[in-house]
Amino acid sequence: MEENDVKIKGLPGIPKNIAKKLIELGYVDVKSLAFSNPEQIADESAIGLTTLQEIIKKARKKLGSPFEAADSIYDKRTKISRITTGSYNLDSLLGGGIESQSITEVYGAFRSGKTQLAFQLAVNVQRPEDEGGLDAGAIFIDCEGSFRPERIVEMASALSLHPMEILKNILVARAYNSEHQIFITKQIPKILKKMNARLIIVDSVIGHFRAEYLGPESLIKRQGKLNKYLHLLQNLASTYDLAVFITNQIQADPSISYGDASQPTGGNILAHAAQTRIYLRRIRRNERSARLIDSPYLPEGEIVFEITSDGIRDIT
Ligand code: GTP
Ligand code: MG
């Protein structure tokens, strides 16, 4: 780490050795500290709780009053940006694309198109605003080894974009277990200091947690960890005005004896974390249906789109 990097932006007077540890853990600025929990940082670092409480108090003071008038919240919400999915119908279902400042979850069986949609968004976010992008890069947390640069190249070429430039603006990290996944995610504020990214993808969000915490006796522990992780993602989305896009698997719900018994994994914890949930289903060959399951203000609905060699498109 360079000398001038050992400073928390906007918060002077923190001893270098402590600032260094905090930055390593991803607490790089006033916001990331103000919204954090001193007990949690004490757990993951060798910094004393009292010192942390003081630092966080200072960060919160610096940030000012936690209250704001509702008109300014309204104003902020009108500034929410959207990323196009590549399908006009899917965008319409979502009120114009996937939103910044919140978590969008897509769940579905294998081959339903979750990863393809993630790739398409990683390309589209880089397009200019008048083309449905945010003129910014993407961060891809790959928990399943699903990242395929060749497919990104195909999607970028189809839009007459420069494939190598598009690839350069997607930062990929392979997560090997849930601890590693959490560690990587905590590095994001540090990355954002150097890169203008507006989209975080986690594919898949829960796979490692499910594989590591098996059996009913570890369920509470797993849900606790997952809850913390989802809070971390939500904080990133709100603090840095990012769109967070997570994929999730499905499982059969034994209590449903007819109809579609497929349920997303993760239970209530995940259900409450994602503001928008989309259920993807394979209809035939390249056709997929997307159903909006949960949205704070959009009506439920269902549309059909296609996965073509060019990427996600409307059926023509
Ligand atoms: P899991 O990760 O296994 O749970 O599945 P997923 O939901 O992530 O599925 P994914 O997004 O990987 O979708 C795979 C499907 O996308 C394939 O079965 C194909 O139908 C389609 N697909 C992938 N690549 C191409 C391509 O280059 N051309 C076309 N036309 N379709 C593709
Ligand atoms: Mg996948």
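How many residues surround ligand 1, and which are the closest? In this predicted model, the ligand is surrounded by 16 residues, and the closest of them are R111, G113, K114, T115 and Q116. The points below take up this shell, then the surroundings of S32, and finally a nonpolar patch on the surface.

**The shell around ligand 1**
- At least two shell residues are supplied by each of α7 (114–124), α8 (149–158) and β12 (301–308), and the largest share, 3 residues, comes from α7.
- An oxygen atom of ligand 1 lies 3.2 Å from a backbone N or O atom of S112, and an oxygen atom of the ligand is also found 3.4 Å from an N or O atom in the side chain of E154.
- A polar backbone atom of I307 is 3.3 Å from a nitrogen atom of ligand 1.
- Ligand 1 taken alone exposes 660 Å², of which the protein buries 71%.

**S32 and its neighbours**
- S32 belongs to helix α2 (residues 30–34), and it counts as buried because its relative accessibility is 13%, below the 20% limit for that class.
- The side chain of S32 makes a polar contact with the side chain of D29, at 2.7 Å.
- Leaving aside residues up to four places away in sequence, S32 touches G26, Y27 and Y240.

**A nonpolar surface patch**
- I283, V304 and I315 together make a nonpolar surface patch of about 200 Å².
- Within this patch, I283 is located in strand β10 (residues 276–284), and it counts as partly exposed because its relative accessibility is 40%, a value between the limits of 20% and 50%.

Definitions and conventions
Residues are numbered from 1 along each chain as its sequence is written. Chains are lettered from A and ligands numbered from 1 in the order in which they are written. This is a predicted model: local features need pLDDT of at least 70, side-chain atom pairs count only at pLDDT 80 or more; totals for chains, interfaces and linings use all residues. Side-chain values use heavy atoms; hydrogens and water are left out. Patches are made of residues with over 30% relative accessible area and no salt bridge: like charges are joined within 9 Å, nonpolar side chains (Val, Leu, Ile, Met, Phe, Trp, Tyr) within 5 Å. Accessible areas come from the Shrake-Rupley method with a 1.4 Å probe; for residues, only the protein chains shown count as cover. A salt bridge is a side-chain nitrogen of Lys or Arg within 4 Å of a carboxyl oxygen of Asp or Glu. Helices (H or I, at least four residues) and strands (E, at least two) are DSSP runs, numbered from the N terminus. Buried means under 20% relative accessible area, exposed over 50%, partly exposed in between (1.4 Å probe, protein chains only). A polar contact is a pair of N or O atoms within 3.5 Å; within protein, one must be able to donate a hydrogen and the other to accept it, and residues adjacent in sequence count only if both atoms are side-chain atoms. Contact means heavy atoms within 4.5 Å. A residue is near a molecule or strand if one of its heavy atoms lies within 4 Å of it.
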